[in-house]
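Here is a briefing that walks through one protein chain, topic by topic, for a reader who is new to looking at structures. Please keep the sequence and the 3D view at hand while reading.

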Amino acid sequence: MAVPFRFEESSVVDSCSSASKEEILDECEDVFARLQKFQSLVISADNEACDGDRNETPGYLNALAAELDELNKMEPKWITTNPEILAAVGVDELTTLNEGLDLLVMYHEVKRTSLRESLNREKGLLEERKLVLSAVTDQVETVRQEKNRTTERSKLQEMKVKIEKMKGQQAALTSKLSDLLAEHFPAPTPDLLKKQPGRKKTTPNNPVVLLPLSKVLELLTNKTLDTPHDPYVTTDESFWPPYVEMLLRYGIATRHSEDCSKIRLENLD
């Protein structure tokens with residue numbers, strides 16, 4: 001329940017003169033007397049409405065509603081027009097409003113300080129997280145580079161193992177091929193040379209050493225690898241014609257298109 005305003009207890013009464021105090025008190029008593037009068041009339045009217053005929057009650061209520069509507073349309077009036085009283089009331093209202101605004105400013109100052117501290121904490125956390133992220137990124141990059149180096153070393157080691165394995169297989173195949181050629185295609189003997197028709201006989205002082213088939217293939221291979229732009233080998237008396245013819249017949253070697261004394265390995269591409 002709201003406490004009624006008492007003019008004599010207000011903090012601004014001291015600024016008003018005694019005449020102004022008496023004037024406002026008299027006006028308040030007059031208003032209070034009128035309120036009591038109206039209250040008595042309302043109470044008596046209610047009693048008469050209850051004792052009277054019920055059929056007149058709706059009409060009475062309509063009249064009261066119309067009167068209430070008229071009262072609602074009326075603009076409120078000041079109790080007093082005394083400038084001194086009005087100034088005192090205004091000062092009191094402004095003082096109350098100023099105190100409320102001071103409290104509001106104080107609240108917002110505290111709130112702003114709290115928000116500033118929270119912002120500073122968040123900035124500190126952000127910087128820490130940036131440092132952690134940078135450290136983790138550097139660590140990840142280091143691990144990735146180390147992994148790449150490990151992978152490259154592993155691949156290089158694997159390639160070396162494969163090369164050594166291929167060299168071993170090549171050496172084994174070369175040895176087998178040499179044994180096969182030595183067994184089935186040996187170097188021509190003097191008996192074979194005697195049986196070869198149309199060959200120029202050699203003298204004991206100037207013997208011709210014929211090359212085995214393995215040596216012929218070696219010369220052709222080395223020539224192809226050393227000078228691929230000029231892979232032809234010039235044949236002479238050391239090349240036994242049957243071996244040369246066999247290489248040509250089976251497509252292993254081919255003659256030069258302009259010089260029949262030159263042969264090379266056939267291009268198998």
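Glu146 is partly exposed, with a relative accessible area of 36%, and in this predicted model the side chain of Glu146 meets that of Arg153 in a salt bridge, at 3.6 Å from N to O. Arg153 also counts as partly exposed, at 47% relative accessibility. Salt bridges that share partners bring Arg149 into the picture as well, so that Glu146, Arg149 and Arg153 are joined into one network.

**Other charged pairs**

- The structure as a whole holds 7 salt bridges, and as a general point, side chains of opposite charge can pair when their charged atoms come close.
- One of these salt bridges links Arg112 with Glu109, where the closest N and O atoms are 2.8 Å apart.
- Arg112 and Glu109 both belong to helix α3 and are 3 residues apart, which is about one turn of the helix.
- Both partners are partly exposed, Arg112 with a relative accessible area of 44% and Glu109 with a relative accessible area of 37%.
- Another salt bridge is formed by Arg144 and Glu141, whose closest N and O atoms are 2.4 Å apart.
- Because Arg144 and Glu141 are 3 residues apart in helix α3, about one helical turn separates them.
- Arg144 has a relative accessible area of 41% and is partly exposed, and Glu141, with 31%, is partly exposed too.

**The chain as a whole**

- The secondary structure of the protein chain comes to 6 helices and 3 strands, and from the N terminus on, these elements follow the order α-α-α-α-α-β-α-β-β.
- How many of the 269 residues count as buried, given as a percentage? The share of the protein chain that counts as buried is 13%.
- The protein chain exposes about 22,400 Å², and carbon and sulfur atoms supply 58% of that area.
- If one takes the contacts between residues at least 6 apart in sequence, 58% of them join residues that are at least 24 apart.

**Patches on the surface**

- Which residues form a negative surface patch? The patch is formed by Glu22, Glu23, Asp26 and Glu29.
- Asp26, one of the residues in this negative patch, lies in helix α1, which covers residues 18–51.
- At 45% relative accessibility, Asp26 counts as partly exposed, and this value fits the patch, because a patch residue must have over 30% relative accessible area.
- A nonpolar surface patch of about 520 Å² is made by Leu94, Leu97, Leu101, Leu104 and Tyr107.
- Leu104, one of the residues in the nonpolar patch, is found in helix α3, which covers residues 83–184.
- Leu104 counts as partly exposed, at 44% relative accessibility.

**A buried leucine and its contacts**

- Leu220 lies in helix α5, which covers residues 213–226.
- Is Leu220 buried or exposed? At 0% relative accessibility, Leu220 counts as buried, because the cut-off for a buried residue is under 20% relative accessible area.
- When neighbours within four places in sequence are left aside, Leu220 is in contact with Val233, Leu247, Ala253, Ile263, Arg264 and Leu265.
- One of these contacts, Ala253, is 33 residues away from Leu220 along the chain, while the C-alpha atoms of the two residues are separated by 8.6 Å.

**The loop between β1 and α6**

- Ser238 has its place in the loop between β1 (233–234) and α6 (241–249), and Glu237 lies in the loop between β1 and α6 as well.
- Ser238 is buried, with a relative accessible area of 15%, whereas Glu237 counts as partly exposed, at 47% relative accessibility.
- Where sequence and space are set side by side, Ser238 and Pro212 are 26 residues apart in sequence and 9.2 Å apart in space, taken from C-alpha to C-alpha.
- Glu237 and Leu210 are 27 residues apart in sequence, and their C-alpha atoms are 7.4 Å apart in space.

Definitions and conventions. Residues numbered from 1 in each chain as written. Predicted model: local features only at pLDDT ≥ 70, side-chain atom pairs only at ≥ 80, totals over all residues. Heavy atoms only, no water. Helix = DSSP H or I, 4+ residues; strand = E, 2+ residues; numbered from the N terminus. Buried < 20%, exposed > 50% of the residue type's maximum accessible area, 1.4 Å probe, protein only. Contact = heavy atoms within 4.5 Å. Areas by Shrake-Rupley, 256 points an atom, 1.4 Å probe, with all protein chains shown as cover. Patch = residues over 30% accessible without salt bridge, like charges linked within 9 Å, V, L, I, M, F, W, Y side chains within 5 Å. Salt bridge = Lys/Arg side-chain N within 4 Å of Asp/Glu carboxyl O. Lys, Arg positive; Asp, Glu negative; His and termini not counted. Charge placed at Lys NZ, Arg CZ, Asp CG, Glu CD.
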